[in-house]
Amino acid sequence: MTRIEFFFNVGNKLDKVAELSQRAVSKGRRMMVFGPDEAVLSELERVLWSGSALSFLPHCRAQHPLAPETPVVLDFKGEPLIHDDVLINLQPQHPPFFSRFRRLIEIVGKDEADKAQARVRYRFYRDRGYEIRTFDENGAAL
């Protein structure tokens, strides 16, 4: 069953994606980032390129010929699904294919609209019997 984790009160969601991707790739994991649109993925690419030379994260779009060999794959359409390891969701709704992945990470910002959408996703997963771990970036108990 897919492990689900929510990171709440994240100040900069794209920086958090880069941090989580760096940690996962250093452990030999593969990531798929499911963004809401082309603009967000382009900005994420900029963030992934802005790290130091020693912390570069190899990444590409799902449609790229090297996607099957690349540790971080970016997409907003949900096809093709290149692997089934870790999925980071940045879309406001749950990804329809999330259960194919070993792990799903939901990143939730500080604004109330984002939190409201995350609550809907949280209930969706919980009502289907998924165990959910939560992490508050502010350090407060959830």
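Which residue is the bridge partner of Met 31 in E5? Keep that in mind as we walk through this predicted model.

**Stop 1: the whole sheet.** Show the strands in cartoon style. You should find an open sheet of 7 strands, paired in parallel, in the order E3-E4-E2-E5-E6-E1-E7. Now select residues 59-61 (strand E3) and 132-136 (strand E7), which stand at the edges. Each of these two has a single partner strand, so one of its sides has no neighbour in the sheet. Look along the sheet and you can follow its twist, which averages 20° from one strand to the next.

**Stop 2: strand E2 and its partners.** Select residues 31-34, which form E2, and residues 86-89, which form E5; these strands run parallel and are joined by 4 bridges. Here is the reply to our opening question: in E5, Met 31 has Val 86 as its bridge partner. Next, add E4, which also pairs with E2 in the parallel sense, over 4 bridges. On that strand, the bridge partner of Met 31 is Val 72.

Turn on the side chains of E2. Met 31 and Val 33 point one way, while Met 32 and Phe 34 point the other way. Are these residues buried or exposed? All of them are buried.

**Stop 3: helices on the sheet.** Select residues 38-49 to see helix H2, which lies across E2, E3 and strand E4 (72-75). Helix H2 runs at about 165° to E3. Then select residues 112-127, helix H3, which packs on the sheet and touches E1, E5, E6 and E7. The direction of H3 makes about 160° with that of E1.

**Stop 4: helix H1.** Select residues 13-26. This helix has 14 residues and reaches 20 Å from its first C-alpha to its last, close to the 20 Å expected at 1.5 Å a residue. Colour its buried residues, among them Leu 14, Val 17, Leu 20 and Ala 24. Lys 16 is on the buried list too. What do the buried residues of H1 pack against? Their neighbours are E1, E2, H2, E4, E5 and E6.

**Stop 5: the two ends of H1.** Zoom in on Asn 12, which caps the N-terminal end of H1. One of its side-chain oxygens lies 3.0 Å from the backbone nitrogen of Leu 14. Finally, move to Gly 28, just after H1, where phi is positive at about 80°.

Note on methods. Residues numbered from 1 in each chain as written. Predicted model: local features only at pLDDT ≥ 70, side-chain atom pairs only at ≥ 80, totals over all residues. Heavy atoms only, no water. Pairing = 2+ DSSP bridges. Axes fitted to C-alpha atoms, helices over the stretch in contact; angles between N-to-C directions. Contact = heavy atoms within 4.5 Å. Buried < 20%, exposed > 50% of the residue type's maximum accessible area, 1.4 Å probe, protein only. Expected span 1.5 Å × (residues − 1). Polar contact = N/O pair within 3.5 Å; in protein donor to acceptor, adjacent residues only side chain to side chain.
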